[in-house]
Amino acid sequence: MKNIRNSAVIGYFRWASVSLLCITFLGCSSVPIEQTKIAEPGTYLLKQMAVNEITDTPSVLTYLEKESENPLLSEQVKTHLQVYPRLSAEILIARQSGLTEEGAATEVLATNPNSAVDIILITLGLFPDQGERIAEQLLLNDSFAESDIQEGWLLAKRDPLIGFPPTAADNTGVKIQPLFHSASITLFERSQTDRASVRFKQRESEEWQAGMDLQWDPVRGALSGSIVKLQADTDYQIEVTLTTPDAIQETQYSFKTRSESPPINPDLVYQIADIYNGGILDLQALNIKGAEDGWAKIIGSPDTPIVAADADRFGINIGNSSYVVLENVTVRGGYKYGIRADRAHHIWIKGCDISEFGQKTQDIRNGLAYASASDANPINYDAGIGMYYTGVVTVEDCTIHSPNSKANSWQHGHPRGPSAMLVLANNPNPDFQGQYVIRNNRFFGTDTHRFNDILESRSNGRVFGGLLRDSAVHDNYFAYANDDLIELDGGQSNVLVYNNELEQGFVGVSAIPNMLGPSYIFNNYIHNLGDERGAAWTGIKLGGLITAPAGITMIFENLIENRIANGIAASRYKGDHTFWTDSRNNVILSLSEAETFGFGILDRNKYSSSFFKNNFIYNQKLQQAKVEARIDEYGADPSLNLTDLAEQILASPASSHPMPFSDEQIPNFSNITESGGINVGIVHQGSEE
């Protein structure tokens, strides 16, 4: 497993140097010296040592003793200087002699062989901006044991899932993860120059279907992607043709999609009236849980709703109970959550109605809602369904509406307030991370009583945030938010968003930052955007590629119609607007325009690896496309009257339309018309993902 682990780690550390993520191309601005001193302590200390000609060990030790009280340095670094003064001095002296950071660490290790972890800890603290490269090089030269590198990385408080991301569960270097109607495949230990084409078929069929090529994943050093439109509970074969500079290799794999219903243990079926006596329904306290081969099931009744008291934190507490089905349960109340799970897995919520949850507003200050006049923090992170460290979840045919509080708009700062569903899918067991299917639901507020986000990610600036991996959000209606209608931010490895109708939000789908791709946003109908003020930003929001590396977002065949908002546009994440996308066959229509609005695509950084092709972009006010991006190909026939085509679409209430000019199909993703064209927007095909 060491080779797989090393390759996966190196695949992430490599992102900053490969041409794919060339910062030089982007022309990043310089950083003020004062900020550099704080951000990179080793650089600051070396500069001061050079200015004052401090080179011998006793002088460096004296100097570091003084600097250990410097308020410009972090508490972590000051502690290192106080606890490990000699090792810190030796690392800086070695670095001063011209060695790289990893070279200095290796030299100090030679005379301090029992201090490997401390040396890594100190080096990462002194040179945090170089951390990924330092770890990569130390792994390559084998001077430090991998376990020491990992321990030092964790002690330095570096993100464990960034430094040491999950890899394949076996020695094949391949991971296949099926859902009901889709499956992802990831090939680890790959390089950026490798290519992998895919075809698949039902096991008993003779007919192979082409899939989309796998995408480069620089975070894990992998090729990864999804196949879609599969049948549930069906055996499939997938054939991968891997092309490397040295060889072409074909390999077949088998998998089975998930069943549309879990196995139920008949001895663990509960009628709600038999187990509920008012207040919280606490499944964890009742020890209601199932097993892999026999789930527990709670069946609700309109005559027995869950009604939480004002002081009850939840309506239903799943807690850490796993293999649980909630079916047709009505939930009213819960001052934080209607339904909540924490460190659970294999949860199925079907046909439930959830409302009147969250804290009640007792005070409003500067436009923000507070639960009491004495509270320091406004109401936030309340949810109809709150899933914490919980994975393998299905939510279907549910309605979430009417929270107690409502969110503020951006007029009063970042929106805060309740969400319909709040997700952190980072279960402690890697096998149970992600794997959400959210389908056929209606989550909505009202024009005057809006959610913050409808579907909200927790830890959305972390690689393990939000839905994380192998999830599908499809065939839902989401409406009335003062921020994002769908927030994918964080981990987005093979997360699929499609066939959703989205309206009345500040943003349709947010994928900023995409820290672990690829993610897929396709065949959605995004229209009538606007928060409570009527203001909106964009149908699909991207950004943060360089500061929060680094996943690609695939955007195919969406229908986006907006009064003034943009279609696909960047927002700043940690000062960075850069995004990486493959966007094809989208119809993006705007009714009006202003200086920063009405763009079909707004990509000011024009990242060289993004790809835009065959997108029908039209601004009604300008009577032409409004775009700021590097477009590969529009694809429109010059003889077509694009104004007439746009007006026909805008005049129709339909949520899907034939693509006006493009018939260039995207393998496995495009929905083909009888005439061989392509349908964009919502295209229902049974319950297919």
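The following exchange concerns helix packing, strand pairing and one loop residue in a predicted model.

Visitor: Are the axes of helix 4 and helix 7 roughly parallel or roughly perpendicular to each other?
Guide: The axes of helix 4 (residues 41-51) and helix 7 (residues 85-96) come within 11 Å and cross at roughly 70°. Angles of 65 to 115 degrees count as roughly perpendicular. Helix 4 and helix 7 are therefore roughly perpendicular to each other.

Visitor: Which residues make the contact between helix 4 and helix 7, and how many of them are nonpolar?
Guide: The crossing of helix 4 and helix 7 is right-handed. Helix 4 contributes Gly42, Leu45, Leu46, Met49 and Ala50 to the contact, and helix 7 contributes Leu92, Arg95 and Gln96. In this contact of helix 4 with helix 7, 1 residue is charged, 2 are polar and 5 are nonpolar.

Visitor: Which strands are the edge strands of the open sheet with the order 4-3-7-8?
Guide: This open sheet consists of 4 strands with antiparallel pairing, in the order 4-3-7-8. An edge strand pairs on one side only, and this applies to strand 4 (209-210) and strand 8 (248-256).

Visitor: Which residue of strand 7 stands opposite Lys201?
Guide: Strand 3 (residues 195-202) and strand 7 (residues 235-243) are joined by 8 bridges in the antiparallel sense. Opposite Lys201, strand 7 places Gln237.

Visitor: Is Ala548 buried or exposed?
Guide: Ala548 lies in the loop between strand 37 (538-542) and strand 38 (553-556). Its contacts, leaving aside neighbours within four places in sequence, are Pro513, Asn514, Met515 and Tyr573. Buried means under 20% relative accessible area. The relative accessibility of Ala548 is 3%, so Ala548 counts as buried.

Visitor: How do the residues of strand 38 point, and are they buried or exposed?
Guide: Thr553 and Ile555 point one way from strand 38. Met554 and Phe556 point the other way, and all of these residues are buried.

Visitor: In the pairing of strand 35 with strand 38, which residue is the bridge partner of Ser519?
Guide: Strand 35 (residues 519-522) and strand 38 pair in the parallel sense over 4 bridges. In strand 38, the bridge partner of Ser519 is Thr553.

Visitor: Which residue of strand 41 is the bridge partner of Ile555?
Guide: Strand 38 also runs parallel to strand 41 (residues 581-584), to which 4 bridges join it. The bridge partner of Ile555 in strand 41 is Ser583.

Terms used. Residues are numbered from 1 along each chain as its sequence is written. This is a predicted model: local features need pLDDT of at least 70, side-chain atom pairs count only at pLDDT 80 or more; totals for chains, interfaces and linings use all residues. Side-chain values use heavy atoms; hydrogens and water are left out. Axes are lines fitted to C-alpha atoms, for helices over the stretch in contact, and angles run from 0 to 180 degrees between N-to-C directions. Helices (H or I, at least four residues) and strands (E, at least two) are DSSP runs, numbered from the N terminus. Angles under 35 degrees count as roughly parallel, over 145 as roughly antiparallel, 65 to 115 as roughly perpendicular and the rest as oblique. A crossing is left-handed if the near helix is turned anticlockwise from the far one by less than a right angle, and right-handed if clockwise. Contact means heavy atoms within 4.5 Å. Ala, Val, Leu, Ile, Met, Phe, Trp, Tyr, Cys and Pro count as nonpolar, Asp, Glu, Lys and Arg as charged, and the others, Gly among them, as polar. Two strands pair if DSSP finds at least two bridges between them. Buried means under 20% relative accessible area, exposed over 50%, partly exposed in between (1.4 Å probe, protein chains only).
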